[in-house]
Number of protein chains: 2
Amino acid sequence: MNTELSAPGPSAQGVEKGFCPVYRAIGVLQEKWVLHIVRALLDGEKGFNELARAVGGCNSATLTQRLEHLETLKIIGKRTEDTHGKLARSVYTLTPVGRELQSVIDAIDTWGRAHLQEGPPGVAGC
Amino acid sequence: MNTELSAPGPSAQGVEKGFCPVYRAIGVLQEKWVLHIVRALLDGEKGFNELARAVGGCNSATLTQRLEHLETLKIIGKRTEDTHGKLARSVYTLTPVGRELQSVIDAIDTWGRAHLQEGPPGVAGC
DNA sequence: CCCACTAGTTTATAAAGTCAAGCGGTGTAA
DNA sequence: TTACACCGCTTGACTTTATAAACTAGTGGG
């Protein structure tokens, strides 16, 4: 019976009824690998496998899906270039909209450096 | 055979080999509902159901799990207060660490307002 | 007594993400 | 010539995660 209200409550900041850009933005950025992809592309345009490597750990199926989604949102752009002769290479770039996520990544970066020095989740000291 | 490299490439900004706070921070913040929870709590401390309502759409099972995780990360704190007589109410608050995520939310907010005015994902004009 | 509200837990199901393999193509080295 | 590495994906089986819905247990009001 609980938690089924889809309209954010009246207590939140700018949430009136109706469309909320922040809510939507969070919805986009919280998708797995999206922030990693954006961060990788802020470092420069990349090909598919190159991006997979830079992102670190995302598999090709998920990556394809995420890239398509980000492309429809006009956050990234895809270009197919004929580098040498015939081999077509797909190159992914941030659009101006995507590039403005730099501030978000920076904020996360700053926060992470300040408060996440230790590595609780077991695995590697990595 | 692809996409199984866990070590982020050398091309990214501050990624040396070893622990990367940004990578980890993204890992934390990209979990579903986390940014929504933080945003709701930036608006003030809240009880469980109150938080569920503010977050909008998260079910209690997931919320419980997320709150536990965020608590172990010291991003939020849980307090059980005896409001009136015996009824125990759980109150969730941001820790100082959590409060510093304000800048991240602000950056997302700014970006969202600037670029996400339209609502592509069908559903409601909401 | 019945209903609403508190904070959750349980269970079964749906959705999302991952793994491993493979395709068509090129280019490089044996 | 064969073989294997790289490119950019796609496919299908499998695992992990999130969801809805119901339910526990306690308080309080009508």
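Helices (H or I, at least four residues) and strands (E, at least two) are DSSP runs, numbered from the N terminus. This is a predicted model, where local features need pLDDT of at least 70, side-chain atom pairs count only at pLDDT 80 or more, and totals for chains, interfaces and linings use all residues. Residues are numbered from 1 along each chain as its sequence is written, chains are lettered from A and ligands numbered from 1 in the order in which they are written, and side-chain values use heavy atoms, leaving out hydrogens and water.

**View 1. The protein surface near DNA strand C**. Here, a residue is near the strand if one of its heavy atoms lies within 4 Å of it. Helix α4 of chain A gives the most to this surface, with four residues. Among the 20 residues around the strand, A:R66, B:N49, B:S60, B:S90 and B:Y92 come nearest. Of the strand's atoms within 4 Å of the protein, 69% belong to sugar or phosphate and the rest to bases.

**View 2. Phosphate oxygens of DNA strand C**. Let's zoom in on the backbone of the DNA. The side chain of B:S90 has an N or O atom 2.8 Å from a phosphate oxygen, and for the side chain of A:T62 the distance is 3.0 Å. At B:F48, a backbone N or O atom lies 3.1 Å from a phosphate oxygen.

**View 3. B:V38 in helix α2 of chain B**. This helix spans residues 34-42. B:V38 counts as buried (under 20% relative accessible area, 1.4 Å probe, protein chains only) because its relative accessibility is 1%. Beyond its neighbours within four places in sequence, B:V38 is in contact (heavy atoms within 4.5 Å) with B:L94, B:G98, B:L101 and B:I105. The C-alpha atoms of B:V38 and B:G98 are 7.3 Å apart, although 60 residues separate them along the chain.

How values were computed. Buried < 20%, exposed > 50% of the residue type's maximum accessible area, 1.4 Å probe, protein only. Polar contact = N/O pair within 3.5 Å; in protein donor to acceptor, adjacent residues only side chain to side chain.
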